[in-house]
Amino acid sequence: LNLDLSADKVDFTTTLGGLTASGGNDGPESQYEALYEMATGAGNDVPPPGPGLGDVPAGQDPSWRADATKVLIITTDAPFHNAGDAGPFPYPGPSAVDTTDALVDASIKVIALKAPGATAQMDALAAATGGSVQPTTATSDDIADAVLAAFEALTFDVTGTPIGCDKLDISLDPDAYFDVVGGDTVYFDETIAVPADVTDVDNPYCCE
């Protein structure tokens with residue numbers, strides 16, 4: 001985890017600009033491991049037991065807000081390693097089922113940006129998590145447009161949550177909208193009532 005979720009644009013661009021590519025042309029790759037860690041933060045002590053070069057420290061999952069809509073974007077041009085794949089030792093990462101279950105349990109939607117060389121493994125993850133699949137070119141010149149299109153293809157459940165209104169009776173009609181397509185606008189009718197036992201001194205300073 002190079003940077004936790006942040007609203008600081010400088011931190012984001014600095015971290016992104018500091019990423020480097022090393023090696024390559026040696027697929028499959030460890031996409032299931034990356035997604036599993038993002039969903040669980042479990043870590044992975046790969047064989048042999050004890051500290052080693054391939055270990056994944058625990059706590060590599062982002063600090064989601066409790067009420068956040070959780071979306072992960074993955075892009076790759078290579079197939080995924082499957083648990084038990086041959087090598088110097090069988091690949092020790094999570095399986096497709098383990099990864100999918102972890103993402104679903106964490107209510108994380110996967111946006112799959114498929115560069116040439118990627119496989120249907122990405123489609124399966126997106127479908128299972130309620131995500132979206134968008135193709136990209138080998139140059140990734142169209143990646144920004146693909147991300148926007150992917151978000152617009154997602155659906156969301158939208159609810160209203162009054163903030164700072166503890167002493168008031170707030171109701172919304174409807175209670176929620178379900179499966180709202182990204183980019184759509186929804187409207188609520190809000191009713192605010194002041195209980196009889198609330199005095200002026202009790203009134204909150206603000207209510208959102």
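## Loops, turns and charged pairs

D179 is found in strand β6 (residues 176-181). Phi of D179 is near 55 degrees, which is a positive value in a residue other than glycine. Helices (H or I, at least four residues) and strands (E, at least two) are DSSP runs, numbered from the N terminus.

The model is predicted, so to speak of local features a pLDDT of at least 70 is needed, side-chain atom pairs count only at pLDDT 80 or more, and totals for chains, interfaces and linings use all residues. Residues are numbered from 1 along each chain as its sequence is written, and side-chain values use heavy atoms, with hydrogens and water left out.

### Backbone features worth a look

S140 is a second place to visit: its phi is near 65 degrees, again positive in a residue other than glycine. S140 sits in the loop between β3 and α5 (143-153). A glycine with positive phi appears as well, since helix α2 is followed by G41, whose phi is near 65 degrees.

Two cis peptide bonds can be picked out in the backbone. G27 and P28 are joined by one, with omega about 0 degrees, and P28 belongs to the loop between α1 and α2. P47 and P48 are joined by another, with omega about -5 degrees, and P48 lies in the loop between α2 and β1.

### Helix α2 and its partners

Between those two loops you can follow helix α2 itself, which covers residues 31-40. Its buried residues (buried means under 20% relative accessible area, exposed over 50%, partly exposed in between, with a 1.4 Å probe and protein chains only) are Q31, Y32, E33, L35, E37 and A39. What do the buried residues of α2 pack against? They pack against β1 (70-76), α3 (96-105), β2 (108-114) and α4.

### Around G130

Helix α4 (120-129) leads on to G130, in the loop between that helix and β3 (132-135). Leaving aside residues up to four places away in sequence, G130 touches K109 and L154, where contact means heavy atoms within 4.5 Å. K109 is 21 residues from G130 along the chain, and the C-alpha atoms of these two residues are separated by 5.6 Å.

### Salt bridges

Side chains of opposite charge can pair when their charged atoms come close. How many salt bridges does the structure hold? There are two, a salt bridge being a side-chain nitrogen of Lys or Arg within 4 Å of a carboxyl oxygen of Asp or Glu. One joins the side chains of R65 and D67, at 2.9 Å from N to O, and both of these residues are exposed. The other links K114 with D123, and the closest N and O atoms there are 2.7 Å apart.

### Exposure at a glance

Here is the exposure of several individual residues. L3, listed among them, is placed in the segment before α1 (9-17).

| Residue | State | Relative accessible area |
|---|---|---|
| L3 | partly exposed | 30% |
| D123 | partly exposed | 28% |
| G130 | partly exposed | 34% |
| S140 | partly exposed | 30% |
| D179 | exposed | 55% |

Back at the starting point, D179 counts as exposed because its relative accessible area is 55%. S140, the other non-glycine residue visited for its positive phi, is partly exposed because its value is 30%.
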